[in-house]
Structures are given as structure tokens and as C-alpha cells.
Amino acid sequence: HILALRPGKRKMGVAVLEGRDLLYWGVAGSRHSGEELFDTVERRVERLARTYQPEMIALEKPSPLRLAASWSLSGITNRISETADRSNLPLRVYDQGAVRDELCGSAWASRGELADRIVELYPHLERYRDCASEWEKSYWLAMFAAVAVGVVCGRDV
């Protein structure tokens with residue numbers, strides 16, 4: 001099993017894959033900030049690790065632009081790394097451009113193009129891409145990014 005994460009301050013994309021099978025997908029939201037946010041992320045990652053017993057954690061590395069826009073994003077990724085260490089789980093970190101390049105053929109593919117590619121691989125996720133509101137579409141993009149990181153990690157192992 002691979003626990004794949006796309007960290008974010010307000011929403012973290014989550015996916016669990018076993019081989020090519022997508023076992024779990026979702027978005028973990030949070031309204032906390034500071035240390036409370038980091039603790040919430042840690043508890044969620046620990047709970048997912050207990051539930052799914054992954055062999056590793058795959059993490060999307062936040063872009064420099066995202067890191068500059070949110071001081072807490074660095075703390076979130078550090079807390080995920082610490083949690084992986086404590087859980088004796090290898091952590092593989094993937095650049096979003098490399099993930100998009102491998103799956104879409106371009107490091108500059110849009111988040112929507114990435115979602116389209118994931119729907120090609122997992123047609124049952126189409127309802128999350130074709131939401132009525134822009135807010136919903138934006139919300140689920142974190143999940144699509146996590147699935148993408150998991151797919152790429154699964155190809156590496």
C-alpha cells in the first residue's frame with residue numbers, strides 16, 4: 001500500500017493505492033492554524049497509516065510559489081516527514097511538475113488536465129471532476145493531485 005498526500009493548509013488530498021487499485025481517496029480539511037494545524041495533520045496521517053498499513057508515504061512537494069504563499073505549508077510537510085520517520089515508513093517526495101510530466105506529458109499541464117488523466121485511469125472519479133460549482137471542483141483537485149502522486153510512486157516501486 002502507498003499512502004499518497006498532497007499537503008495544503010486548508011485541504012490535504014489523500015489517496016491509498018495497492019498496486020493499481022485505488023482503495024481510498026478524499027480530502028482532509030482543516031480550519032486550524034499554527035501548532036494545532038500541525039497536530040491535526042499528524043493525527044490524520046497516523047490514523048491513515050494505522051488503518052491502511054502502507055509500506056510508504058508518497059508526498060507532493062509544494063512548489064516554491066505555494067510555500068511562499070503559506071508559511072504553514074513548510075511546517076505541514078515537516079510534520080508529515082516526522083510522522084513517517086516515527087512510523088518507520090519510507091517517505092518519497094515528488095515534484096508536482098515531474099508528476100504532471102509523467103502522467104500528462106508536460107510539467108506545465110494544468111490541474112484540470114491532471115484530473116482528466118486521473119479520470120482516464122479511474123473512471124469512477126469522474127463525478128469529482130464534473131462538479132456543478134467551481135468551489136467543489138477546486139476542492140477535489142487536491143484529491144486528484146494525491147492520486148497522481150500515488151500512481152507515479154507505484155510505478156517507481
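Angles under 35 degrees count as roughly parallel, over 145 as roughly antiparallel, 65 to 115 as roughly perpendicular and the rest as oblique. The views below all come from a predicted model.

**Figure 1. Helix H5 packs obliquely on helix H7.** The axes of H5 and H7 (residues 134–156) come within 9 Å and cross at roughly 60°. That angle is in none of the parallel, antiparallel or perpendicular ranges, so the pair is oblique. The crossing is left-handed. H5 contributes Arg 111, Gly 112, Leu 114, Ala 115, Arg 117, Ile 118, Val 119 and Leu 121 to the contact. H7 answers with Ser 138, Leu 141, Phe 144, Ala 145, Val 147, Ala 148, Val 151 and Arg 155. By class, this contact holds 11 nonpolar, two polar and three charged residues.

**Figure 2. Helix H5 also meets helix H4.** H4 covers residues 96–104 and H5 residues 111–121. Their axes lie 10 Å apart, at an angle of about 50°. H4 and H5 are therefore oblique to each other. This crossing is left-handed. From H4, the contact uses Arg 100, Leu 103 and Cys 104. From H5 come Arg 111, Glu 113, Leu 114, Arg 117 and Ile 118. The contact residues split into four nonpolar, no polar and four charged. Arg 111, Leu 114, Arg 117 and Ile 118 of H5 take part here and also in the contact with H7.

**Figure 3. Helix H1 and its buried residues.** H1 runs over residues 34–52, 19 residues in total. From first C-alpha to last it reaches 27 Å, close to the 27 Å expected at 1.5 Å a residue. Which residues of H1 are buried? They are Gly 34, Leu 37, Phe 38, Thr 40, Val 41, Glu 42, Val 45, Leu 48 and Ala 49. These residues pack against strands E1 (2–6), E2 (11–18), E3 (21–29) and E4 (56–61), and against helix H3 (71–86). An α-helix has 3.6 residues a turn, so residues three or four places apart point the same way.

**Figure 4. Helix H3 and its buried residues.** H3 has 16 residues, which should span 22 Å at 1.5 Å a residue. Its end C-alpha atoms are 24 Å apart, which agrees. Buried here are Ser 72, Leu 73, Gly 75, Ile 76, Thr 77, Arg 79, Ile 80, Thr 83 and Ala 84. Their packing partners are E1, E2, H1, E4, helix H2 (64–69) and strand E5 (91–95).

**Figure 5. Helices H1 and H3 in contact.** The axes of H1 and H3 are 9 Å apart, and the angle between them is about 35°. H1 passes H3 in a right-handed crossing. On the H1 side are Gly 34, Glu 35, Leu 37, Phe 38, Asp 39, Val 41, Glu 42, Val 45 and Glu 46. On the H3 side are Trp 71, Ser 72, Gly 75, Ile 76, Arg 79, Ile 80, Thr 83 and Arg 86. The count by class is seven nonpolar, four polar and six charged.

**Figure 6. Arg 79, a buried charged residue of H3.** Arg 79 sits in helix H3. Is Arg 79 buried or exposed? Its relative accessibility is 10%, so it counts as buried. Leaving aside neighbours within four places in sequence, Arg 79 contacts Glu 35, Phe 38, Asp 39 and Glu 42.

**Figure 7. Tyr 128 in helix H6.** H6 spans residues 126–129. Tyr 128 is buried, with a relative accessible area of 12%. Residues up to four places away in sequence not counted, Tyr 128 touches Trp 25, Trp 140, Met 143 and Phe 144. Tyr 128 and Phe 144 are 16 residues apart along the chain. Their C-alpha atoms are separated by 8.8 Å.

**Figure 8. Positive phi at Gln 53 and Asn 88.** Most residues other than glycine have a negative phi. Gln 53 is not a glycine, yet its phi is positive, about 50°. Gln 53 follows H1 and lies in the loop between H1 and E4. At 55% relative accessibility, Gln 53 counts as exposed. Asn 88 is not a glycine either, and has a positive phi of about 55°. Asn 88 follows H3, in the loop between H3 and E5. At 67% relative accessibility, Asn 88 counts as exposed.

Conventions:
Residues are numbered from 1 along each chain as its sequence is written. This is a predicted model: local features need pLDDT of at least 70, side-chain atom pairs count only at pLDDT 80 or more; totals for chains, interfaces and linings use all residues. Side-chain values use heavy atoms; hydrogens and water are left out. Axes are lines fitted to C-alpha atoms, for helices over the stretch in contact, and angles run from 0 to 180 degrees between N-to-C directions. Helices (H or I, at least four residues) and strands (E, at least two) are DSSP runs, numbered from the N terminus. A crossing is left-handed if the near helix is turned anticlockwise from the far one by less than a right angle, and right-handed if clockwise. Contact means heavy atoms within 4.5 Å. The expected span of a helix is 1.5 Å times one less than its number of residues. Buried means under 20% relative accessible area, exposed over 50%, partly exposed in between (1.4 Å probe, protein chains only).
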